[in-house]
There are 2 protein chains.
Amino acid sequence: MEYQLENKVEYIISIFEAGEISFLGNALEGVKAPDAAEILSRLPHDIRAALFNTLEPDYASEVLTLTDEGVTRDILEGLEVGEIVPLINRMASDDAADVLNLLPNTLLHEVLRHISREDYRDLSELLKFDEESAGGLMARELLTVKDGIKIADVISLIRKEAENIEHIQNIFVIDGQGVLLGKIPVISLLIADPQSRVDEVMTRDIVTVTADTDQEEVAGIFAKYDLYSLPVLDEKGKLVGRITVDDIIDVIEEEVNEDITMMAGTGDEEFWERSPLRLSRARLPWLLTGLLGGIASAIVMNHFQGSLESILALVFFVPVITAMGGNVGIQSSAIVVRELAVGGTSAVQTSGKLFRELKVSLLNGLVLGAVLLLAVSLWRRDLRLGMLLGMCLFIIIIWATLMGAFVPLMLKKMKIDPALATGPFITTFNDILGILIYLGIATLFLDWLGKGYNPG
Amino acid sequence: MEYQLENKVEYIISIFEAGEISFLGNALEGVKAPDAAEILSRLPHDIRAALFNTLEPDYASEVLTLTDEGVTRDILEGLEVGEIVPLINRMASDDAADVLNLLPNTLLHEVLRHISREDYRDLSELLKFDEESAGGLMARELLTVKDGIKIADVISLIRKEAENIEHIQNIFVIDGQGVLLGKIPVISLLIADPQSRVDEVMTRDIVTVTADTDQEEVAGIFAKYDLYSLPVLDEKGKLVGRITVDDIIDVIEEEVNEDITMMAGTGDEEFWERSPLRLSRARLPWLLTGLLGGIASAIVMNHFQGSLESILALVFFVPVITAMGGNVGIQSSAIVVRELAVGGTSAVQTSGKLFRELKVSLLNGLVLGAVLLLAVSLWRRDLRLGMLLGMCLFIIIIWATLMGAFVPLMLKKMKIDPALATGPFITTFNDILGILIYLGIATLFLDWLGKGYNPG
């Protein structure tokens, strides 16, 4: 599969470079839209634009809903209002809203002026919602019926609307005010007696969300209840849209990318797409923070110059202290961040988590401190230095573990993305503090160390 | 929601502790199975077992398919063969196989001996597959029809099987040998002329996988093609099962947890569930590696004792060098790992990625090297030391960035999980190498530095 796509990409580049533009029109014949989206994303800008222009409107419209944000934006930049409108007209409302959100404001309004009255109402409704909320995810296209009508009538309604129906799992039953009463899975329409009323067949016990629910929470609900679609209500219980599971998979991938890029300190990079210059710009702020932290460490060490001059061996163990503080901090913060992403939080769990991490760090601190004590005592033939280092490592492991768990929990309470805590900030902070604790304690014990010190 | 669950948990604990076991039976009345699974996961072992025993078989069976692995295992430990068999009998084959996979071997065979002949065939078929393959994910329950029969007959078949049908999106059409020919979405059954034949209505162009496809690839296919269900074929094209999208969401979460725990170096921890002792045991191997790396750094630094004694200030910048090497390495490896997880790889992309990372690292190295040069020159009033440090940082940034991208690409080629490269191994390795490069270069330039050196 991968191999075929890459071949196709090379073939398209070669016919473009040979100037045989007329062949471009057939290059994607028989290629499924998701594969076409992938091929477009791998082409350079000018070939991508040329190829996209050869696609039929129906196919082009579908492909455009499937490309990554960066690629979609790049394609849109090459199109005029008159070319964008027919593509938007062919999309489901949620896809259309996603594409419109990528347009600059003036262009957006021009496009909206040219689409049909009904689509305009749906779309301007959708564009009001935060993109990362249930309202931003939902589609307005719904198959709704009033309570009291017969199953047979629902089936004839579906036959009439056949052309516009795709990926429908449920019929929603509403009352006269549009309030959601229940749902009927499509398969039940086949099984139920055609003469029974929808309210006799429908399931009343359904999971719903309001339009302002955060997308991460929506994804959690899909995962928990094994849903295929989820109705979205306004504050009065009126049905305003539905979210389907295929969009939820995209949400999960997006949230994961966010967490991982934050953990790695790369900013909100996009994959496949960006230039080295932009990648560098995304990563530099995090690296500069790290660099300033490193310079701060240097200043801290300079402060302990006297101690370091009298026992140079202290210096050798600075990397041990900083690396271990960083490692245990990342472990506990990554676990806590993941727990928060998967399961939410509550007061009981917060103190429970800190207590659990405290116990883990006591165990780890004891084992690792003992190993370092042993290693240093044997290598440097200096039991006192070994004891000092073992103790410092023990303290730093407990400190860094607890900070690693505490910071994301605190960020969550402050409604800041807890994944921030897994990034370079906390590691840098732990580095400086670790050096301070280590050299501070060493300085206190300098005389004791010095007396027993025997330089190998 | 969260609040209600926590209240329920506390209520259950309180009635259990008050000894009012008879009230336990009603504690989960009206609670949806996924919520019940969550409540069970938050209860201590003995209360969990007592509560589970009060549940009706249908409900208990559903709840048991929804609890996390650790909780399911804990519940199973409290049950006897005679109690497990009716629970398994009520499950879909994929869920049953997942639960059976958690049983110790002897118990598994005893349970299999007691289930119905047909279930036995399905289950022993499923248990043969790797849990992380398409075969391990699929269910055997399928609605298949032979080509040539009429839509009306399909509908009557569905009416007859009504009780066993749940979450069905597609009817699969097979030939006399069981080879998959096409599929019909349920909604098309409503729309199509009842007198038409299934092979006139079916979609022939369908995405399929073979049973040995890795689950990560399966998840990628679902995401790319926006699928709700995916037929699984054997090597002869015979339809053997289907995978549904709700299981795919679990797969994605599982793979993400794997990547993140590897990135954090915490081993394959389970969330919510494990004791501090087990958590500590999962994390310690990674930490011990880090500690040994740290001790190796100390030995490297000891080797440069002479240089350090003559210019102590060199020591102050060791944390800068190690921290920055670690930061840029994690950035590039996390991005490459994520790209591999999302999109697969090919030779063109491998060299492309390395080249991209090289350009990014050149830019970052120049900027950060210049900042360090400036900072050190001003602080230490020592231009030569500043130049040395700026150059070393530049070299280390390029080296660590390229290693960060290269190692996961190489691991992928060797069919090892590339996420391993984001963990503490590479950071530790970069630390040691960074110190070696830095102090090595400094030692070469010692005379040049020494002449110009002016200790503040």
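## Domains of chain A

In this predicted model, chain A falls into three parts: domain 1 spans 2–132, domain 2 covers 144–250, and domain 3 runs over 276–452. If you take the C-alpha centres of domain 1 and domain 3 of chain A, you will find them 48 Å apart.

## The three-stranded sheets

Let us turn to the strands. Chain A holds an open sheet of 3 strands, ordered β1-β2-β3, and its pairing is mixed. The edges are taken by β1 (144–146) and β3 (180–185) of chain A; each has a single partner strand, so one side of each has no neighbour in the sheet. On average, neighbouring strands here are turned by 30 degrees against each other, direction ignored. The pairing of β1(A) with strand β2 (residues 170–174) of chain A is parallel and rests on 3 bridges. To see one of the partners in that pairing, look at Lys146(A), whose bridge partner in β2(A) is Ile174(A).

Chain B also offers an open sheet, with 3 strands in the order β1-β2-β3 and mixed pairing. Here β1 (144–146) and β3 (180–185) of chain B are the edge strands, each pairing on one side only. Neighbouring strands in the chain B sheet are turned by 30 degrees against each other on average, again with direction ignored. Strand β2 (residues 170–174) of chain B runs antiparallel to β3(B), and 5 bridges join the two. A handy spot to inspect is Ile171(B), which stands opposite Ile184(B) in β3(B).

## A helix pair within chain A

Domain 3 of chain A covers residues 276–452, and here is a helix pair from that stretch. Helix α17 (residues 276–303) and helix α23 (residues 424–444) of chain A pack at an angle of about 5 degrees, and their axes are 9 Å apart. With the limit for this label set at under 35 degrees, α17(A) and α23(A) are therefore roughly parallel to each other.

Which residues make the contact between them? On the α17(A) side you will find Trp286(A), Thr289(A), Gly290(A), Gly293(A), Ala296(A), Ser297(A), Val300(A) and Met301(A). Facing these from α23(A) are Pro424(A), Phe425(A), Thr428(A), Asp431(A), Ile432(A), Ile435(A), Leu436(A) and Leu439(A). By class, the contact of α17(A) with α23(A) contains 10 nonpolar residues, 5 polar and 1 charged.

## How the two chains are related

Now for the pair of chains. Chain B can be superposed on chain A by a rotation of 180 degrees with 0.0 Å of shift along its axis, giving an RMSD of 0.1 Å. This is the relation of a two-fold axis.

## Where the chains meet

Each chain brings its share to the contact: 90 residues from chain B and 90 residues from chain A. On the side of chain B that touches chain A, helix α17 (residues 276–303) of chain B supplies the largest share, with 17 residues. That side of chain B divides into 58 nonpolar, 17 polar and 15 charged residues. Of the interface residues of chain B, 100% are also interface residues in chain A, so the copies meet through the same surface.

One helix pair that spans the two chains is α16 (residues 245–264) of chain A with α16 (residues 245–264) of chain B: their axes come within 11 Å and cross at roughly 5 degrees. That makes α16(A) roughly parallel to α16(B). From α16(A), the contact draws on Val245(A), Ile249(A), Ile252(A), Val256(A) and Met263(A), and from α16(B) on Val245(B), Ile249(B), Ile252(B), Val256(B) and Met263(B). How do the residues of this contact divide into nonpolar, polar and charged? The contact of α16(A) with α16(B) has 10 nonpolar residues, no polar and no charged.

Methods:
Residues numbered from 1 in each chain as written. Chains lettered and ligands numbered in written order. Predicted model: local features only at pLDDT ≥ 70, side-chain atom pairs only at ≥ 80, totals over all residues. Contact = placed C-beta atoms within 7 Å. Helix = DSSP H or I, 4+ residues; strand = E, 2+ residues; numbered from the N terminus. Nonpolar A, V, L, I, M, F, W, Y, C, P; charged D, E, K, R; others polar. Pairing = 2+ DSSP bridges. Axes fitted to C-alpha atoms, helices over the stretch in contact; angles between N-to-C directions. Domains from an automatic or database assignment. Parallel < 35°, antiparallel > 145°, perpendicular 65-115°, else oblique. Least-squares fit on C-alpha atoms with pLDDT ≥ 70 in both.
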